[in-house]
Structures are given as structure tokens and as C-alpha cells.
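Here's a quick briefing to read alongside the coordinates. Take a look at the structure first, then go through the notes by topic.

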Amino acid sequence: MEDRIKVGVSSCLLGNQVRYDGSHKRDRYITDVLAEYFHFIPVCPEVECGLPVPRETMHLEGDPEQPRLVTTRSNIDHTAKMKKFCAEMIRELQNEKLSAFIFKKGSPSSGLHRVKIYGHSGQAQKKGRGLFASAVANHFPLLPLEEEGRLHDAKLRENFIERVYCYHRWQSFLESTPDYKKLVQFHTRHKLQLMAHSPKHLSKMGKLVAGGKTMPREELLDQYQAYLMEAMALKATIKKNVNVLYHIMGYFKTFLAGDEKAELLEIIDAYARSTTPLVVPLTMVSHYVRKYGVSYLQNQVYLEPHPSELMLRNHV
Ligand code: SF4
């Protein structure tokens with residue numbers, strides 16, 4: 001349990017009966033797949049701030065910048081109670097050292113994206129964020145955040161889990177009392193992964209690290225981590241992955257026999273045309289990396305950024 005990555009989660013997604021009507025919203029991908037790898041810290045802001053189960057439904061209303069959490073029938077305002085709870089829970093979560101948070105979509109407390117905010121006319125705009133989700137996002141700006149619904153999209157799921165593992169590696173790196181040499185090593189291992197997400201960030205980060213020896217350590221690490229998580233939030237598209245695959249080929253193409261090279265090019269081309277998933281060229285690349293012992297590539301996170309058993313690259 002201790003080795004698993006700590007991830008916060010909306011409690012109802014684990015099957016806990018904490019919703020307004022006493023039901024749950026168990027998500028099988030979270031409980032049956034991700035639970036093998038993540039140690040979940042459940043939070044139900046509505047129950048933990050003192051509201052009962054069952055309870056009256058609530059929604060957000062008023063100023064989209066400062067929405068209020070109000071019960072829908074009797075119009076009781078729970079904003080202050082919820083904000084007090086959020087401040088306390090944020091302090092607790094700071095000690096947990098989470099590597100991510102998965103929220104329940106649509107909730108006025110837990111929803112991360114497009115939560116309804118009602119105006120004076122009674123019309124709703126899907127522009128809000130649940131009060132607790134908003135507090136987490138504001139206090140942990142680097143933390144990978146996602147909603148359970150979006151995890152059912154293969155590309156969003158792969159991107160989120162890649163970010164979770166990357167952030168977790170960064171947290172472990174920070175705990176290792178990092179010096180300049182360790183930062184260079186961290187950066188070197190992540191170069192191809194960064195190239196797949198954002199060649200622009202890779203270039204900026206390369207310059208930062210190259211000139212970082214004389215910078216105050218804290219400033220260097222703060223800037224590096226901001227770039228790192230910004231880059232990882234950008235999607236690794238087919239075009240960018242193809243670019244990385246050709247770049248990788250440059251490391252061993254002189255070792256490859258004519259038929260090996262032709263077969264690899266054919267498979268990269270099939271991936272570029274979306275007729276085969278990313279796992280196929282990467283399996284072949286990994287085979288050649290092992291066969292020809294290319295140590296620079298063996299150390300690249302890009303080849304295995306998350307457990308292969310999750311099969312995330314079989315669908316992108
Ligand atoms: S969505 Fe959030 S507040 Fe609502 S029941 Fe689930 S965990 Fe509790």
C-alpha cells in the first residue's frame with residue numbers, strides 16, 4: 001500500500017454511499033483498475049463539512065467568479081461552511097503529498113469542469129467549478145487533476161496517467177535532496193517524453209538547465225517544475241510521437257539490418273496513418289534498444305512512462 005502513488009478521489013466514485021440521495025457513483029475503472037496502482041484518499045466535501053446523508057440537493061449560483069453553494073428547494077446558503085471545510089482539508093492534503101486528484105464531474109462541490117452556475121434569471125451556464133475542486137486547483141497548481149468521465153476517453157486517460165507518474169517522479173526527485181547534477185540526470189531521462197508533449201518546452205527547459213548551475217537552487221527547481229507540468233499537460237499527438245520515433249531511429253539506424261529498418265519504417269508509417277496504435281512501433285523500438293544496448297535510450301522514460309499492464313498506449 002505504501003508504495004502506491006497517493007491520489008485524492010471524490011468519495012462517491014469509490015462506491016461510498018455519500019451522495020445526496022444515499023447512493024454512490026462507483027467508477028469501475030477507478031476501483032478495479034487504477035486501485036492496483038494508486039492508494040486512494042477519499043474526500044466527500046459535502047458529508048465531511050457536516051451535511052447529512054440524505055440531504056437536499058445543492059447548486060452553484062450568483063457571480064461566476066464567487067459562486068455560492070445553495071440548496072435548491074429551501075435556498076439555504078452553505079458557502080461559508082464549505083469554504084471553512086476546504087481550508088481545513090487543504091491543510092490535511094498538504095501532509096498527504098498527493099500525486100493527483102480525480103473528481104466527480106458536475107458536482108457543485110467536486111466538479112472540475114463545466115459545472116452549472118445559475119444566474120438571477122434561473123438560467124444556468126456551464127462555466128463553473130465545484131468549491132472544493134476549485135480550492136484544490138488553487139492550492140496545488142501543479143497537481144494533475146481530472147474528472148472520472150474524462151478518464152473514459154483513451155487519449156485523456158493516457159495523458160492524465162502519464163502526468164500522474166511524471167509528477168510522482170518529480171516529487172521523489174525533490175525528496176532526494178536534489179543537486180544540479182541530479183537535475184541534469186532527471187532532465188536527460190525525460191527528454192524524449194518532453195519532446196512528445198512539447199518540443200518548445202523541451203527547448204526552454206534545456207536552456208534553463210544549461211544556465212542553471214549559477215542560479216539559486218530553489219528558483220531553478222521552481223521554474224523547472226512549472227515548465228515540466230505545463231509541458232506534460234499538452235497532449236502528445238500522433239505527429240509529435242512520429243517525430244520522436246524518427247529521432248529514436250537516429251540512435252540505432254546504423255545497427256539495423258536492411259529488412260529491420262524497412263519493417264520499423266513501415267510500422268511508424270502505419271502509426272502515422274492511425275492504422276496501428278502507438279504500442280506497436282514502441283514495442284519494436286524497445287526490442288531494438290535492448291538488442292543493440294543503446295544506453296541513452298534504455299534510460300528514457302518515454303519508452304515506459306507508466307506500467308505497461310495498464311495498456312494505455314494500446315488505444316492511442
Ligand atoms: S460528488 Fe463530491 S460532494 Fe457529491 S457525493 Fe461525491 S464526493 Fe460527495
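At 42% relative accessibility, G293 counts as partly exposed, because that value is neither under 20%, the cut-off for buried, nor over 50%, the cut-off for exposed. Keep in mind that this is a predicted model. The notes start with G293, then move to two strands and the ligand site.

**Around G293**
- You'll find G293 in the loop between α11 (279–292) and α12 (295–298).
- Set aside the neighbours within four places in sequence, and G293 is in contact with Y288 and Q298.
- F252 sits 41 residues away from G293 along the chain, yet their C-alpha atoms are separated by 9.4 Å.

**Strand β5, covered on both faces**
- In β5 (residues 100–103), A100 and I102 lie on one side and F101 and F103 on the other, and all of them are buried.
- Strand β1 (residues 5–10) runs parallel to β5, joined to it by three bridges.
- For that pairing, look at V7, whose bridge partner in β5 is A100.
- β5 also pairs with strand β8 (residues 145–147), again in the parallel sense and over three bridges.
- There, I102 has E146 of β8 as its bridge partner.

**Strand β6, buried on one face**
- In a regular strand, side chains alternate between the two faces of the sheet.
- You can follow that alternation along β6 (residues 115–118): V115 and I117 point to one face and are buried, while K116 and Y118 point to the other and are not.
- Strand β3 (residues 58–61) pairs with β6 in the parallel sense, over two bridges.
- E61 is the residue standing opposite Y118 of β6.
- Strand β7 (residues 124–128) runs antiparallel to β6, with four bridges joining the two.
- I117, one of the buried residues of β6, has Q125 as its bridge partner in β7.
- β6 and β7 form a hairpin with five residues between the strands, and G122 takes a positive phi near 90 degrees there.

**The ligand site**
- The ligand sits in the largest pocket.
- There are 13 residues around the ligand, and C12, C44, E46, K104 and S110 come nearest.
- By type, the shell around the ligand splits into five nonpolar, four polar and four charged residues.

Definitions and conventions
Residues numbered from 1 in each chain as written. Predicted model: local features only at pLDDT ≥ 70, side-chain atom pairs only at ≥ 80, totals over all residues. Heavy atoms only, no water. Buried < 20%, exposed > 50% of the residue type's maximum accessible area, 1.4 Å probe, protein only. Pairing = 2+ DSSP bridges. Near = heavy atom within 4 Å. 1 Å grid on protein atoms, 1.4 Å probe; cavity = no way out; pocket = protein on both sides within 12 Å on 5 of 7 lines; lining within 4 Å. Sits in = over half its atoms within 2 Å of the grid points. Nonpolar A, V, L, I, M, F, W, Y, C, P; charged D, E, K, R; others polar. Contact = heavy atoms within 4.5 Å.
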